[in-house]
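The following note is intended for a colleague who is meeting this structure for the first time. Please read the numbered points alongside the sequence and the model.

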Amino acid sequence: MLNKIDHVGIAVKSLEDALKFYGSIGIKPYHFEEVESQKVRVAFIKVGESNIELLEPTSIESPIAKFIEKKGEGIHHIAYEVENIRESLNMLKESGCQLIDSEPKVGAHEKLIAFVHPKSTNGVLTELSQSMH
Ligand code: ZN
């Protein structure tokens with residue numbers, strides 16, 4: 001059901017400050033985007049074949065703002081690439097997993113995404129991500 005890790009999401013207070021650190025070690029962002037559904041601005045960086053998504057809240061209502069308020073900056077989620085997100089969600093639902101999103105929505109890079117509740121995944125907020133191309 002899971003193809004690979006698509007990216008790791010890191011909650012940051014400021015993209016600009018976070019990118020200063022990555023810039024200092026020679027890593028530049030390759031993609032910026034505002035994701036309305038999550039009330040975040042994101043920057044993607046690539047390390048080898050791996051992607052890191054830096055997430056900065058655009059509103060105090062953003063789930064990222066709430067996360068930072070509670071836990072501080074840090075690893076927020078792990079995203080897995082799936083072939084068919086609806087099938088994956090059904091499979092998880094049937095196995096008793098608690099889903100945050102029972103229906104996929106549009107995330108960064110116009111991918112279909114849905115989150116699984118950390119209560120069902122050993123405390124790790126888990127994102128499923130399906131490319132629409
Ligand atoms: Zn993500």
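1. Burial of His77. The model is a predicted one. His77 has a relative accessible area of 1%; because values under 20% count as buried, His77 is classed as buried.

2. The zinc ion. His77 contributes its NE2 atom to the zinc ion, as does His7, while Glu53 and Glu127 each contribute an OE atom. These protein donors lie 2.1 Å from the zinc ion. Along the sequence, the donor residues follow the spacing H-x45-E-x23-H-x49-E.

3. Distant parts of the chain. Glu53 belongs to strand S4 (residues 50-57) and His77 to strand S5 (residues 74-82). The two residues are 24 apart, and the pair links distant parts of the chain. Glu53 is also buried, its relative accessible area being 5%.

4. Geometry of the site. What arrangement do the 4 donor atoms around the zinc ion form? The arrangement is irregular, because the angles subtended by the donor atoms run from 82 to 168°.

5. The strand pairing with S8. Strand S8 (residues 126-130) runs antiparallel to S7, and 5 bridges join the two. Within S8, Glu127 is the bridge partner of Phe115; Glu127 is also one of the zinc donors.

6. Covering of S7. In strand S7 (residues 112-116), 5 of 5 residues are buried. Leu112, Ala114 and Val116 are on one side, with Ile113 and Phe115 on the other, and both faces are covered.

7. The hairpin of S6 and S7. Strand S6 (residues 105-106) is joined to S7 by 2 bridges in an antiparallel manner, and Lys105 stands opposite Ile113. Between the strands of this hairpin there are 5 residues, and His109 takes a positive phi near 60°.

Notes: Residues numbered from 1 in each chain as written. Predicted model: local features only at pLDDT ≥ 70, side-chain atom pairs only at ≥ 80, totals over all residues. Heavy atoms only, no water. Donors = N, O, S within 2.8 Å, 3.2 Å for Na, K, Ca; no water. Tetrahedral: all angles 85-135°; square planar, octahedral: opposite > 155°, others 65-115°. Helix = DSSP H or I, 4+ residues; strand = E, 2+ residues; numbered from the N terminus. Buried < 20%, exposed > 50% of the residue type's maximum accessible area, 1.4 Å probe, protein only. Pairing = 2+ DSSP bridges.
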